[in-house]
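Biologist: Could you walk me through this protein? I'd like to know what stands behind each term you use.

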Amino acid sequence: MYAQRKREPQGERASSEGDVGRLRLSAEQEEFFQTNGYLPIQQIATPEEVRELRAKIEDLFERRVGEKEGAQEDFLAGEKNGVKKTAPQIMNPVNYLPELHRTQCFKNAQAIARQILGENARCICDLAIVKQAYVGTGTPWHQDEAFRDPKLEYHEMNVWVALQDANVGNGCLRYLPGSHRNEVLRHGPPNNDPTSQALQCVGAFDEGTAVTCELPAGGCAVHHSRMLHSAGPNVSAGSRLAYVMVFGVPPTPAKQAREFPWLAQRDTAAQARRRQWLMRGGVFVAAWRKLRRGGFTTWNGVRESVGRSIRNLRSHS
Ligand SMILES: O=C(O)CCC(=O)C(=O)O
């Protein structure tokens, strides 16, 4: 059993009248985040917005949007070991629903990110994860930075929005307070299956100090990109849906040389489908979508990104 989280500071809530982008953390909340590496916030989206987001994102899952381009795939199960696919994830659902970044929820998340990371923080990517009723798989312990380029250090945080109440029964997040001060620990493929999209921390850490982070619908948990976190399985009668936004400021060169060998081992079906899609012209669609969501500040950035994608594709073919 994990402990219930300790008492967290309460801050402002989004009002249902549309107090857009005005959410501000109290000094106590900021300090809680800096000390513990995570922060639960009781309300970031209004009940109307939660209903709307849930309906629209569920529709994307039902229509299997993005599957052909490798953007929708089970979050944990790979092709080996017969792990059932019970937790699909969509990378960058904003590509299919541009309005996701025009919501009060997004504007509040961005305001929080700018308060914590600085005024130049922007949304790097977003994702939606659904864990099916009764069977939705748990999320292994991991640090988000373990997925990124080891040559760079990232200054990023996730805003994980609960689109229904999130509790121990349906697989709310669990954190190891203070673990964001660690370096990136050793990771590997869960279930020893490199075709899985997920990573599992296999370095030394003490799970005994973990806390659970229950949230009401429309609440969110903010966490640092080095925070060790996981989630239990969904054993409840309803599906558990989360919308996650990742915010960051530009990465800086890593202070020490580091290697993440687990990244080269990963070989997922979604990556293969994405490569095929990019080669068939998706590279231009991907650049256009990134431009539309404000991911480039200059035309040079667009050119460099397309060039980099083409070079990556060539090195894989
Ligand atoms: O929703 C989950 O179970 C995992 C989410 C997660 O790992 C994240 O947002 O970093």
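Modeller: Let's take the domains and then the ligand. This is a predicted model, where local features need pLDDT of at least 70, side-chain atom pairs count only at pLDDT 80 or more, and totals for chains, interfaces and linings use all residues. Residues are numbered from 1 along each chain as its sequence is written, and side-chain values use heavy atoms, with hydrogens and water left out.

Biologist: How do you know where domain 1 and domain 2 are?

Modeller: The bounds come from an automatic or database domain assignment. Domain 1 covers 3-260 and domain 2 covers 268-317. Their C-alpha centres lie 24 Å apart.

Biologist: What makes the two domains count as being in contact?

Modeller: Contact means heavy atoms within 4.5 Å. On that rule, 18 residues of domain 1 touch 11 residues of domain 2.

Biologist: What is the area that domain 1 and domain 2 bury between them?

Modeller: Buried area is the accessible area (1.4 Å probe) that two parts lose on being put together, summed over both. Here that comes to about 1200 Å², with 44% of it on carbon and sulfur atoms. On the domain 1 side, E69, N95 and R122 lose the most, together 40% of what that side buries.

Biologist: Why is the pair E73 and R273 called a salt bridge?

Modeller: The rule asks for a side-chain nitrogen of Lys or Arg within 4 Å of a carboxyl oxygen of Asp or Glu. The closest N and O atoms of E73 and R273 are 3.2 Å apart, so the pair passes. Across the interface the rule finds 2 salt bridges.

Biologist: And what makes H229 a polar contact of the ligand?

Modeller: A polar contact is a pair of N or O atoms within 3.5 Å; within protein, one must be able to donate a hydrogen and the other to accept it, and residues adjacent in sequence count only if both atoms are side-chain atoms. A polar side-chain atom of H229 lies 2.9 Å from a ligand oxygen atom, so H229 qualifies. For H142 the distance to a ligand oxygen atom is 3.1 Å, and for D144 it is 3.2 Å.
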